[in-house]
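Here's a relaxed walk through one part of a structure that may be new to you. Take a look at the picture, then read on.

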Amino acid sequence: MNYDIYLVGVGGQGVLTIAELITEAAYLQGLPVNYYPTEGMAQRGGFVKAQVRLGRGFVGPNIPEKGADLAISMELSESLKAVRFIKPGGDFVLWGHIWLPTAAMLGKAPYPTLDTVRGQIEQAGARLHYLDPHNLPLYQGELVPDNLYVLGAALGCTSLGKVLSAETVKQVVRQRWQRVAERNLFALQAGMEVLVEAER
Amino acid sequence: MSRQIINGNEALALGALRAGVKVVTGYPGTPSTRCLASLLALDPPQRHIEWSTNEKVALEIAAGAAWAGQRALCTMKMSGLNVAYDSLISIAYSGVVGGLVIYVADDPGVNAGMAEQDSRGFAIMSDLPMLEPASPVEAYRLAQEAFELSEQVGTPVFIRLVTAVANSKTVVDVEEHGLPPQREAQLIRDINRFTKAGSAICMQQHRDLIARLEKAEQWIAARGLNELSLSTVAGGLGVVAAGAVIAYLDEGFELAARYGFDPQAVSLLKVRAVHPFPAAEARALLEHCQTVLVLEELEPHIEKSLAVEAYRMNWQGRIIGKLDGTFSRVGAYDVHQVIEGLSRALGLSIPAEALQGYAAEQYAAARPITVCAGCPHRGTFMAINEALRKLRYRKDEVMVTGDIGCTILGMNPPFNTIWNEVSMGASIGLAQGYVHAGVKTPVIATMGDSTFFHAGIPGLVNAIQHQVPLTLIIMDNGWTAMTGMQVNPGTRAAFQGEGGQQVDIARIVPALGVEHFYQMDPSDLRSSVEILKEAIQQPGVKVVLARMECAIQFHRRGENAALAVVDMDKCVLCKLCITQTGCPALSIEEGELKVDPALCTGCSLCMAVCNLDAIHMERVK
């Protein structure tokens with residue numbers, strides 16, 4: 001089965017970490033994978049995207065327009081850059097975090113509203129799974145890492161859950177973060193549950 | 001053997017290790033950096049691996065090692081190849097003893113910001129073979145083939161990766177690389193090969209060069225690096241795909257099959273050795289087919305060579321590519337071009353919307369990049385702007401030339417300080433041109449530390465020799481930062497690796513004979529403005545060394561001294577701190593000025609611009 005994932009966000013949000021976890025999990029499951037990260041020049045605050053293509057052993061790294069089965073966006077405005085690539089009927093997981101560019105913060109440049117973004121994603125024919133950043137859960141009194149929460153949500157409520165087993169993803173999380181594994185597994189699990197409920 | 005998830009850069013590096021490379025040199029440049037960086041991190045025994053001062057020096061070191069009989073790899077991005085080319089063409093004429101592989105990375109689609117050049121042109125110009133892997137798996141294999149080819153034929157060999165292959169990761173089976181083969185260094189004295197003394201020598205070398213390329217063509221054909229498969233029935237479509245584009249064929253064929261395309265009826269030539277042109281295979285394809293579709297990114301090099309073969313054969317068919325206007329010479333290819341080409345060649349009716357997504361990016365907020373929180377360059381740009389303002393110049397009447405690296409971010413808001421960007425070290429030469437052109441206002445050049453060592457020194461020497469009135473600001477953060485923190489000659493000795501020494505810019509500049517030499521601490525805004533004001537007003541060549549380590553580096557080491565703290569009783573939300581610094585650590589949330597403690601390094605620039613003392617620094621630890 002071929003399955004393409006297009007991820008967008010802002011440098012520093014952990015977009016590439018989500019893609020790496022998916023890549024590792026696919027590898028452990030014996031699924032062919034190609035992972036192509038594109039970072040901006042700045043260390044933080046620039047546009048970041050990643051493309052993960054599952055199922056083909058030898059494949060071009062760029063997902064064609066209308067080709068992605070799943071889009072994951074970590075930032076409201078940057079979501080719009082993934083719309084072109086989502087398949088009609090594909091899943092679009094949107095973490096509604098707003099990272100205002102300085103000019104927008106000062107009121108000197110426009111920034112899209114949630115309604116605009118939602119409208120564009122629906123126009124493209126995708127199934128929107130909106131995650132409200134205000135609902136990020138706490139673990140031992142501190143907010144959990146949002147990227148793992150978002151990955152959990154993608155596993156819980158989209159077709160990604162049919163491609164990758166949650167157990168494998170958890171195994172990868174445990175291997176990667178030994179010291180904070182429990183917190184990160186909690187974030188993943190919370191994401192998996194919250195959206196499943198909301199969807200019902 | 002082990003299975004690893006690695007990218008094209010890392011695969012190429014491991015392939016070179018497996019091939020017994022002894023000396024690896026290079027200069028950082030996106031997207032090539034990770035190749036050499038991954039070897040440095042691996043630190044394999046009995047190999048010499050270094051970041052060199054620039055690509056020309058790197059290539060000369062690698063060539064010296066290859067002339068002494070060892071295997072050597074030299075890595076760079078396309079801009080670096082331009083720098084190295086003077087030596088490269090001479091080395092190409094001489095040939096090599098041990099294997100010499102030159103890795104150059106091109107960036108179709110421009111992910112990193114530089115000229116979208118097609119470095120295959122250099123292979124053609126220098127008569128050197130060039131291999132182009134289409135995936136990390138092929139990069140691992142072709143790195144080894146490249147060394148074999150280099151030694152079998154006695155020629156330097158290029159490997160070219162494009163960004164999509166260099167940076168994408170996939171599973172690669174990697175063999176044990178062990179130690180490099182024990183080869184004694186040889187000293188071969190042969191002025192006919194290793195000098196250019198006289199026309200007889202040079203013209204013989206030219207003949208030998210051409211002969212080596214012909215031999216390379218035979219070797220490549222014998223190894224089957226280019227794959228030709230002809231359809232059972234002659235007269236149909238032929239497809240020539242080069243390098244990275246090969247990876248899109250299967251997917252494109254699959255998609256086109258939905259619209260009546262028959263993949264079995266197509267003849268295919270997959271070109272992984274993009275130079276020399278595989279003429280024999282191309283002739284076989286032309287003889288078999290009526291129409292040929294050529295899929296290659298950027299320049300139509302293969303298409304032109306194919307057209308020449310077609311002309312020589314008096315072939316009457318149709319070639320679809322760039323020369324007939326089907327494809328653009330600009331941008332990267334993906335599956336789109338495969339389908340568009342098939343559609344054009346076979347008259348398939350594929351609706352445009354099948355491949356065209358719904359465009360929504362026009363509603364996205366612009367996100368211009370700026371320097372990181374705590375970046376020393378922020379203080380320098382602010383000080384330049386403030387010094388010019390105090391000297392009563394408008395911003396649009398003072399030329400500030402820019403250079404490569406993080407320092408170029410001064411072109412963006414809120415600084416809008418830098419006017420232009422050409423190449424490594426070019427800012428100082430450009431500045432002199434503006435002076436000679438008759439510009440009456442002060443002319444300022446800016447460059448980073450690695451840029452200064454790479455190619456900035458000759459420009460400065462020229463300015464001193466001709467006593468050109470200008471101010472050079474060297475923004476020294478101690479690292480080659482934009483490519484991800486590589487050492488350069490100016491990096492502190494403690495970070496140089498074993499036996500490395502720091503070369504101090506503060507000692508070089510006065511030694512060159514610069515009378516007006518200043519040092520400033522860019523985190524101290526007030527004194528920086530005063531120093532710049534004075535420097536700009538002095539006659540002759542002035543050099544200001546703005547020195548402070550890259551914030552990312554000391555932040556990573558946990559050496560932050562302080563954190564900005566806002567006193568909301570005093571803050572009136574005038575936003576001056578944000579408009580003046582543009583610091584990503586500052587934001588306004590729910591009617592309050594917030595400092596992100598994860599980003600703030602305590603540089604104190606926001607405190608320096610606040611008129612109301614609403615921000616102070618608190619020591620951490």
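Strand 1 of chain A runs parallel to strand 4 (residues 68-73) of chain A, and four bridges join the two. One spot to look for is A:V8, which stands opposite A:S73 in strand 4 of chain A. Keep in mind that this is a predicted model.

On to another partner of strand 1: eight bridges join strand 1 of chain A to strand 3 (residues 47-54) of chain A, and here the two run antiparallel. A:V10 has A:F47 of strand 3 of chain A as its bridge partner.

How many of the residues of strand 1 of chain A are buried? Eight of its eight, so to speak the full set, in residues 3-10. Both faces are covered: A:Y3, A:I5, A:L7 and A:G9 sit on one side, with A:D4, A:Y6, A:V8 and A:V10 on the other.

Here are the pairings, side by side.

| Strands | Direction | Bridges |
|---|---|---|
| strand 1 of chain A and strand 3 of chain A | antiparallel | eight bridges |
| strand 1 of chain A and strand 4 of chain A | parallel | four bridges |
| strand 4 of chain A and strand 5 (residues 86-95) of chain A | parallel | five bridges |
| strand 2 (residues 33-38) of chain A and strand 8 of chain B | antiparallel | two bridges |

In the pairing of strand 4 with strand 5, A:A68 stands opposite A:I86 of strand 5 of chain A. In the pairing with chain B, A:Y35 faces B:K169 in strand 8 of chain B.

Now for the whole sheet. It is open, has eight strands with mixed pairing, and follows the order 6(A)-5(A)-4(A)-1(A)-3(A)-2(A)-8(B)-1(B). Strand 6 (127-131) of chain A and strand 1 (2-7) of chain B stand at the edges with a single partner strand each, so one side of each has no neighbour in the sheet. From one strand to the next, the twist averages 20 degrees.

Helices join in too. Helix 1 (residues 15-28) of chain A lies across strands 1, 2, 3 and 4 of chain A as well as strands 1 and 8 of chain B, at about 10 degrees to strand 3 of chain A. Helix 1 (residues 8-18) of chain B also packs on the sheet, touching strand 1 and strand 8 of chain B, and its direction makes about 130 degrees with that of strand 1 of chain B.

Finally, the contact between the chains takes 45 residues from chain A and 42 residues from chain B. On the chain B side, strand 8 gives the largest share, three residues. By class, that side has 24 nonpolar, twelve polar and six charged residues.

How values were computed: Residues are numbered from 1 along each chain as its sequence is written. Chains are lettered from A and ligands numbered from 1 in the order in which they are written. This is a predicted model: local features need pLDDT of at least 70, side-chain atom pairs count only at pLDDT 80 or more; totals for chains, interfaces and linings use all residues. Two residues are in contact if their C-beta atoms, placed from the backbone, lie within 7 Å. Ala, Val, Leu, Ile, Met, Phe, Trp, Tyr, Cys and Pro count as nonpolar, Asp, Glu, Lys and Arg as charged, and the others, Gly among them, as polar. Two strands pair if DSSP finds at least two bridges between them. A residue is buried if 20 or more other C-beta atoms lie within 10 Å of its own, exposed if 12 or fewer, and partly exposed in between; C-beta atoms are placed from the backbone. Axes are lines fitted to C-alpha atoms, for helices over the stretch in contact, and angles run from 0 to 180 degrees between N-to-C directions.
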